[in-house]
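Work through the following exercises with the sequence and the model at hand. Each task is followed by a solution in steps.

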Amino acid sequence: MDRASEANRRISTISAHLFPPNLQIEEESSLRRANCRAKGAAPGFKVAILGAAGGIGQPLALLMKINPLVSVLHLYDVVNTPGVTADISHMDTGAVVRGFLGQNQLEDALTGMDLVVIPAGVPRKPGMTRDDLFNINAGIVKTLCEGIAKCCPNAIVNLISNPVNSTVPIAAEVFKKAGTFDPKRVLGVTMLDVVRANTFVAEVLGLDPRDVDVPVVGGHAGVTILPLLSQVKPPCSFTPKEIDYLTDRIQNGGTEVVEAKAGAGSATLSMAYAAVKFADACLHGLRGDAGVVECAFVSSQVTELPFFATKVRLGRAGVEEVYPLGPLNEYERIGLEKAKKELAESIQKGISFIKK
């Protein structure tokens, strides 16, 4: 091969890393596209992030690029994906990064994916409830899930888009319509509630948060977030005042951040961290690791509700076991009834959005 041809081949290879094929100039360029893969990239899983240019999506994409279990990372959004892709692709980790811009490239972004993480949607603003987000984010989630049903129906889906209590039922209904619904593969990400609970409880106990495990059940909004403080590990006890303080702070952690940012955003960084922590657990499950247990909002028979967040065991098929609530104290039983009442309305709202 002469020097010019070799140079063209190498430039084409580099270019294909930075941009998906349909973002490159075609006939006008003398460089032919290369469906390349980074030399030395470790075997792993193909992951797509839908909403990768947003406040959660960018730090989420950065952290997923670091994950050694990821071999291919697809970044999709309706704006700004080329810049985010170029930036993250310079990181010297094994995952190959490709960017996809606009709805006409959604199918390319999704084809062949093992795990799809969805932070897409508008963020909360001061005074905005999670319910206020519904009308905007419901339509976004519907469109994205229609693409998943068509292009990667066997992928594990991690839903972050709020309100999770409604968007997970929306996703399930879309997949049911398409004939691809597998309840084991649709998971609402409630990990941020667990991360906050571990942090706040550790502060009260004077422990390292990494040594604390707080089960958080129910849903992912307000009173539907129910920390089971009676089941904290390591075993401990709290005063009634501490229980009230911790429960309220865990339930309103998102509002705490929104107000602190004073109009400049919501809990994007801690959410990205929690999302990657949960996605990593899903990837370890896909790899076949034993004993991968996390809390998630999933199709469930733990209560009379069709969806509920509890601890689940993750495996090659997604959710391989849904754990029961375990023993609750009186405070938690009262909280559970409050959570179920609000959660039932949110779930029905999501189902009705698709069936209307």
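Strand 10 and strand 11 form a hairpin with 2 residues between them. The model is a predicted one.

**Exercise 1. Find the strands that pair with strand 10, and state how many bridges join strand 10 to strand 11.**

Step 1. Strand 11 covers residues 318-322, and 4 bridges in the antiparallel sense connect it with strand 10. Within this pairing, Gly315 is opposite Gly318 of strand 11.

Step 2. Strand 9, residues 292-299, is also antiparallel to strand 10, with 8 bridges between the two. Val293 has Arg313 of strand 10 as its bridge partner.

Step 3. Burial completes the description. Strand 10 spans residues 307-315, and 7 of its 9 residues are buried, so the strand is largely enclosed by the rest of the structure.

**Exercise 2. Classify each of the aromatic pairs in the structure.**

Step 1. There are 2 aromatic pairs to consider. For Phe134 and Phe353, the ring centres are 5.6 Å apart and the planes meet at 85°. Planes over 60 degrees apart count as edge-to-face, so the pair of Phe134 and Phe353 is edge-to-face.

Step 2. Locate these two residues in the chain. Phe134 belongs to helix 5 (residues 134-151) and Phe353 to helix 11 (residues 330-355); with 219 residues separating them, the pair links distant parts of the chain.

Step 3. Check their accessibility. The relative accessible area of Phe134 is 4%, and that of Phe353 is 15%. The cut-off for buried is under 20%, so Phe134 is buried and Phe353 is buried as well.

Step 4. Turn to the rings of Phe297 and Phe307, whose centres are 6.2 Å apart with planes at 35°, so this pair is tilted. Phe297 is part of strand 9 and Phe307 part of strand 10, so the pair ties together parts 10 residues apart in sequence. Both Phe297 and Phe307 are buried.

**Exercise 3. Describe how helix 7 packs against helix 10, and name the residues that meet.**

Step 1. Two packed helices are described by the angle between their axes and the distance between the axes. For helix 7 (residues 191-205) and helix 10 (residues 268-287), the angle is about 110° and the axes are 8 Å apart.

Step 2. Angles of 65 to 115 degrees count as roughly perpendicular, so helix 7 is roughly perpendicular to helix 10.

Step 3. List the contacts. Helix 7 contributes Met191, Leu192, Val195 and Arg196. On the side of helix 10, the residues they meet are Ser270, Met271, Tyr273, Ala274, Lys277 and Phe278.

**Exercise 4. Which residues of helix 2 are buried, and what covers them?**

Step 1. Helix 2 runs over residues 57-66, and its buried residues include Gly57, Pro59, Leu60, Ala61, Met64 and Lys65.

Step 2. The cover includes strand 1 (45-50), strand 2, strand 3 (96-101) and strand 4 (115-118). Helix 3 and helix 10 also belong to the elements that cover these residues.

**Exercise 5. Locate the cis peptide bonds at Pro163 and Pro234.**

Step 1. The bond from Asn162 to Pro163 is cis, with omega near 0°. Pro163 sits in the loop between strand 5 (156-159) and helix 6 (164-178).

Step 2. The bond from Lys233 to Pro234 is likewise cis, omega being near 0°. Pro234 is found in the loop that joins strand 8 (225-227) and helix 8 (240-251).

**Exercise 6. Are Asn80 and Ala262, which have positive phi, buried or exposed?**

Step 1. Asn80, a residue other than glycine, has phi near 65°. The residue lies in the loop between strand 2 (70-77) and helix 3 (81-89). Its relative accessibility is 54%, so Asn80 counts as exposed.

Step 2. Ala262, again not a glycine, has phi near 50°. The loop that holds Ala262 is between helix 9 (253-261) and helix 10. With a relative accessible area of 64%, Ala262 is exposed.

**Exercise 7. Summarise the whole chain: how many helices and strands are there, and what share of residues is buried?**

Step 1. The count is 11 helices and 11 strands.

Step 2. Of 356 residues, 50% count as buried.

Step 3. Take the contacts between residues at least 6 apart in sequence: 69% of them join residues at least 24 apart.

Notes: Residues numbered from 1 in each chain as written. Predicted model: local features only at pLDDT ≥ 70, side-chain atom pairs only at ≥ 80, totals over all residues. Heavy atoms only, no water. Buried < 20%, exposed > 50% of the residue type's maximum accessible area, 1.4 Å probe, protein only. Helix = DSSP H or I, 4+ residues; strand = E, 2+ residues; numbered from the N terminus. Pairing = 2+ DSSP bridges. Phe/Tyr/Trp six-rings, centres within 6.5 Å; stacked < 30°, edge-to-face > 60°. Axes fitted to C-alpha atoms, helices over the stretch in contact; angles between N-to-C directions. Parallel < 35°, antiparallel > 145°, perpendicular 65-115°, else oblique. Contact = heavy atoms within 4.5 Å.
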